[in-house]
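Me: I have a structure open on my screen and I'd like to understand the reasoning behind some of the labels people put on it. Could you walk me through a few?

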Amino acid sequence: MLDSPHKSLKCLAAETIANVAKFKRARRVVRQHGGITKLVALLDCAHDSTKPAQSSLYEARDVEVARCGALALWSCSKSHTNKEAIRKAGGIPLLARLLKTSHENMLIPVVGTLQECASEENYRAAIKAERIIENLVKNLNSENEQLQEHCAMAIYQCAEDKETRDLVRLHGGLKPLASLLNNTDNKERLAAVTGAIWKCSISKENVTKFREYKAVETLVGLLTDQPEEVLVNVVGALGECCQEHENRVIVRKCGGIQPLVNLLVGINQALLVNVTKAVGACAVEPESMMIIDHLDGVRLLWSLLKNPHPDVKASAAWALCPCIKNAKDAGEMVRSFVGGLELIVNLLKSDNKEVLASVCAAITNIAKDQENLAVITDHGVVPLLSKLANTNNNKLRHHLAEAISRCCMWGRNRVAFGEHKAVAPLVRYLKSNDTNVHRATAQALYQLSEDADNCITMHENGAVKLLLDMVGSPDQDLQEAAAGCISNIRRLALATEKARYT
């Protein structure tokens, strides 16, 4: 019936499909019987839908056909395979064209379809190419709440991509998003708006704009009495905004630390990942850190290391790093958590790279305190760190090398790292293309080179030539560590020569 010459019959057929295709099996049947291609063809009926349909009844019927086609595609687009079928049938340019329309009842299903499809990477690239973001931003200023919601949701889906985040800013989309935060009655729209703000905040330039529009203060006000889907986005946005000093101060002055710490006791995985990041970002400020500590926030973060979800564990371990770095008496604070040091050392047995990198970073901070370093050494930190040395993951290499470097400062740990075969793999890190890895590795090798056997291993594995290249690095810490390590290897070689000839 979608091929019928009668426009009203086409409309009824498409609207019926829109209602029926709310469940999976119906959506599959539509696709299997060629329905997606026919529905996409309906979008082409409204050739000039940019002008209000006043000129004739005929044009109005064309617009109605396209609207019903979009409604049916919106229902069908809840399936991954159908999204792909819509794209292959040429749906994106047609949806883009209809997005310029002034017919509000047409815009809602068009934006709804785009919002569903924007979860796919192929679509996001096409959405950029068709200049769709510009029109999504324009429709944020509409009076229609449903339209605003779907536009914000589509921006949320697309703004994973930096270029899209820049386009939202360039087309003036950040101001309407910030002002929509003040309307909190419609929770679906609020969830979409806070989601769009969260993803847009990943870009620093956008964070600056949001601060200008007083969005940070409004977000802090939304930390209580909101549904979880809103909270996940609000806290996600604050986590991004608090990467900047000015926003951390605003959050503290607006009383945002307490509600953030209160959210650390939840069970929603996405919320916990975001709130740990936000609390960690705030802990960079010593004043905020005092409040976090006073509210028992560090203990709550530590307890999240027992969470079954690896993402939550990793996020909690990352958040603990600034907490330990900025606490007044960090060593004493860490020791006060019964079984805490054993727990964090045991996390080095995880098979999740992000958990391992974050735990290594936390151990680097813990090991700055001699007493705690002695305790984690007793818990077997050296063999566990050594076991991880054969990795190609640069993030893990960076933090692992830093942890090894710091753990060398106790007892016979330097010798133990050599005995557990950690030295040769570390030398290979110098071939990495990441400067952070180079710096951390050179510092670890410098510490390890205080032991004669480690120097021999380094020499045998070609460390000298690699380190010589790094003595000329513009990074001063890397220069010094490389030079110090070469100096220790050379000193050992001279001593051996001397011993041989006397």
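**Reasoning behind the labels**

Me: Why is Ser-201 called buried or exposed?

Reply: Ser-201 has a relative accessible area of 2%, and buried means under 20%, so Ser-201 counts as buried. Keep in mind that this is a predicted model. Ser-201 lies in the loop between α13 and α14 (204-212).

Me: What does Ser-201 touch, leaving out residues up to four places away in sequence?

Reply: Ser-201 touches Val-207, Phe-210, Ala-237, Glu-240 and Cys-241. One of these, Cys-241, has a relative accessible area of 1%, so Cys-241 is buried as well.

Me: How many disulfides does the structure hold?

Reply: The structure holds zero disulfides. As a reminder, a disulfide is a covalent bond between the sulfur atoms of two cysteines.

Me: How do you know which side of the cut-off Cys-68 falls on? What is its nearest cysteine sulfur?

Reply: The nearest cysteine sulfur to Cys-68 is that of Cys-11, 4.0 Å away. A disulfide needs the two sulfur atoms within 2.5 Å, and Cys-68 is in no disulfide. Cys-241 is also in no disulfide: the nearest cysteine sulfur, that of Cys-242, is 6.8 Å away.

Me: And what makes Cys-68 buried or exposed?

Reply: The relative accessibility of Cys-68 is 0%, so Cys-68 counts as buried.

Me: Let's turn to the rings. How many aromatic pairs are there?

Reply: The structure holds two aromatic pairs.

Me: Why is the pair of Tyr-156 and Trp-198 called stacked, edge-to-face or tilted?

Reply: The ring centres of Tyr-156 and Trp-198 are 6.5 Å apart, and their planes make an angle of 40°. Planes under 30 degrees apart would be stacked and over 60 edge-to-face, so this pair of Tyr-156 and Trp-198 is tilted. The pair links distant parts of the chain, with Tyr-156 in helix α10 (residues 145-158) and Trp-198 in helix α13 (residues 187-200), 42 residues apart.

Me: What else can you tell me about Trp-198?

Reply: Trp-198 has a relative accessible area of 13%, so Trp-198 is buried. Lys-199 lies over the face of Trp-198, at 3.9 Å from the ring centre.

Me: Why does the pair of Trp-302 and Phe-337 get its label?

Reply: The planes of Trp-302 and Phe-337 are at 40°, so this pair is tilted, and the ring centres are 5.1 Å apart. Here too the pair links distant parts of the chain: Trp-302 sits in helix α21 (residues 297-303), Phe-337 in the loop between α23 (330-335) and α24 (340-346), 35 residues apart. Both Trp-302 and Phe-337 are buried.

Me: Which residues does UniProt list for "coiled-coil region"?

Reply: UniProt, in an unreviewed entry, lists residues 126-153 for that feature. In the model, this span is 79% helix and 0% strand, and the C-alpha atoms at its ends lie 17 Å apart.

Me: How many helices and strands does the whole protein have?

Reply: The protein has 34 helices and zero strands. Of its 502 residues, 54% are buried. The C-alpha atoms fill a box of roughly 110 × 50 × 40 Å along the principal axes.

Me: How do you know which parts of the prediction have a low pLDDT?

Reply: The protein averages a pLDDT of 92, and 97% of the residues score at least 70. Over residues 48-56, though, the pLDDT is below 50, and this stretch has 14 contacts in the model beyond near neighbours in sequence.

Conventions. Residues numbered from 1 in each chain as written. Predicted model: local features only at pLDDT ≥ 70, side-chain atom pairs only at ≥ 80, totals over all residues. Heavy atoms only, no water. UniProt positions renumbered as here; feature names shortened; annotations may be inferred. Helix = DSSP H or I, 4+ residues; strand = E, 2+ residues; numbered from the N terminus. Phe/Tyr/Trp six-rings, centres within 6.5 Å; stacked < 30°, edge-to-face > 60°. Buried < 20%, exposed > 50% of the residue type's maximum accessible area, 1.4 Å probe, protein only. Lys NZ or Arg CZ within 6 Å of the ring centre and 35° of its normal. Contact = heavy atoms within 4.5 Å. pLDDT = per-residue confidence, 0-100.
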